[in-house]
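Here is a walk through a structure you may not have met before. Keep the 3D view open and follow along as we go.

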Amino acid sequence: MDDARFSPDQASPRHVAIIMDGNGRWANARGLPRTLGHRQGAEAVRRCITGAMEMGIPFLTLFGFSSENWRRSSREVDDLMGLLRRYLQSEIAEFHKNGIRLRVIGERDRLPGDIVRLIDDAEKRTSENEALTLVIAISYGGRQEIAAAARQFAAAVAAGELAPEDIDEDTFGAGLLTAGIPDPDMVIRTSGEQRLSNFLLWQSAYSEFIFVDKLWPDFDKSDLEAAVAEFRRRERRYGAAAESL
Ligand code: IPE
Ligand code: IPE
Ligand code: MG
């Protein structure tokens, strides 16, 4: 079945990133409050993490809350923060037991202090784990991330610690929140929307995009498998001519 000699297909992705969209519409369609859509979305997160581990995917990034999502009603933001708090409290021990390393990317200083402490502790506690690196993007925005890195480099140059010509793609990438994490091979977005919404702008330069109509709370392992199968049929060229690869 997976005899690489006879298959021109891509290898499996090392890094899968998912824009988990559609919780609100899932709830709306059932006459339920949006919070219940988010709660159901948390179940899909569990299924997806288990699925990724079973499929041997080493890096999984999940977009849970964007820098722009702070614009939602304070009630929805509070609900989402409450859900995140409970999720971290209940899952960290399980993550650790299963060899999952947690990394959280985003504007951490905008999060409630107790959640920041939970995240710091979880990252420290799981830092040696190797089965799966789970990256959760919370209060994350790609433009904000790039601007923050540029600010840091500018400060280092102003302080005479760095020469402008030393800033290249590699050094710049190492200044981002995703330092040390390979770029996503594929980005999946659920709910039929076909846009990035400020997700991993720098890192997704050569990612394959897969758009799925299902709403996030309905997403399961078979959807992840179907997306990976689709990825493996794609031809990645990175700007080179097809026949040279
Ligand atoms: C995704 O679902 C979760 C977050 C952005 C927090 P949405 O809440 O965006 O759901 P829709 O897009 O309104 O259906
Ligand atoms: C993107 O979804 C953010 C997450 C899924 C966490 P949004 O629902 O916020 O994106 P837009 O507003 O439809 O672009
Ligand atoms: Mg949405």
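Before we look around, one bit of sorting helps: Ala, Val, Leu, Ile, Met, Phe, Trp, Tyr, Cys and Pro count as nonpolar, Asp, Glu, Lys and Arg as charged, and the others, Gly among them, as polar. Keep in mind, too, that this is a predicted model.

Let's start with ligand 1. With that sorting in hand, the shell around ligand 1 splits into 2 nonpolar, 6 polar and 4 charged residues. Who are they? Going along the chain, you meet Met 20, Asp 21, Gly 22, Asn 23, Gly 24 and Arg 25, then Arg 34 and His 38, and finally Gly 64, Asn 69, Arg 72 and Leu 80 around ligand 1. Two helices, α1 (23–29) and α2 (34–54), each bring at least two residues to this shell, and α1 gives the most, with 3.

Now zoom in on the polar contacts. The side chain of Asp 21 has a polar atom 2.9 Å from an oxygen atom of ligand 1. Arg 72 also uses its side chain, with an N or O atom 2.7 Å from a ligand 1 oxygen. Arg 25 takes part through its backbone, where an N or O atom lies 2.7 Å from an oxygen atom of ligand 1. How much of ligand 1 does the protein cover? On its own, ligand 1 has 380 Å² of accessible area, and the protein covers 87% of that. The space ligand 1 takes is the largest pocket.

Ligand 2 sits in the largest pocket as well. Around ligand 2 you'll find Ile 19, Met 20, Asp 21, Phe 63, Gly 64, Phe 65, Asn 69, Arg 72, Arg 189, Arg 195 and Ser 197. A few of these names should ring a bell: Met 20, Asp 21, Gly 64, Asn 69 and Arg 72 are also listed around ligand 1. By class, the ligand 2 shell holds 4 nonpolar, 3 polar and 4 charged residues. Strand β2 (residues 59–66) makes the largest contribution here, with 3 residues.

Which side chains make polar contacts with ligand 2? Ser 197 is one of them, with a polar side-chain atom 2.6 Å from an oxygen atom of ligand 2. The side chain of Arg 195 places an N or O atom 2.8 Å from a ligand 2 oxygen, and for Arg 189 the corresponding distance is 3.2 Å. Taken alone, ligand 2 exposes 390 Å², of which the protein buries 78%.

How values were computed
Residues numbered from 1 in each chain as written. Chains lettered and ligands numbered in written order. Predicted model: local features only at pLDDT ≥ 70, side-chain atom pairs only at ≥ 80, totals over all residues. Heavy atoms only, no water. Near = heavy atom within 4 Å. Polar contact = N/O pair within 3.5 Å; in protein donor to acceptor, adjacent residues only side chain to side chain. Areas by Shrake-Rupley, 256 points an atom, 1.4 Å probe, with all protein chains shown as cover. 1 Å grid on protein atoms, 1.4 Å probe; cavity = no way out; pocket = protein on both sides within 12 Å on 5 of 7 lines; lining within 4 Å. Sits in = over half its atoms within 2 Å of the grid points. Helix = DSSP H or I, 4+ residues; strand = E, 2+ residues; numbered from the N terminus.
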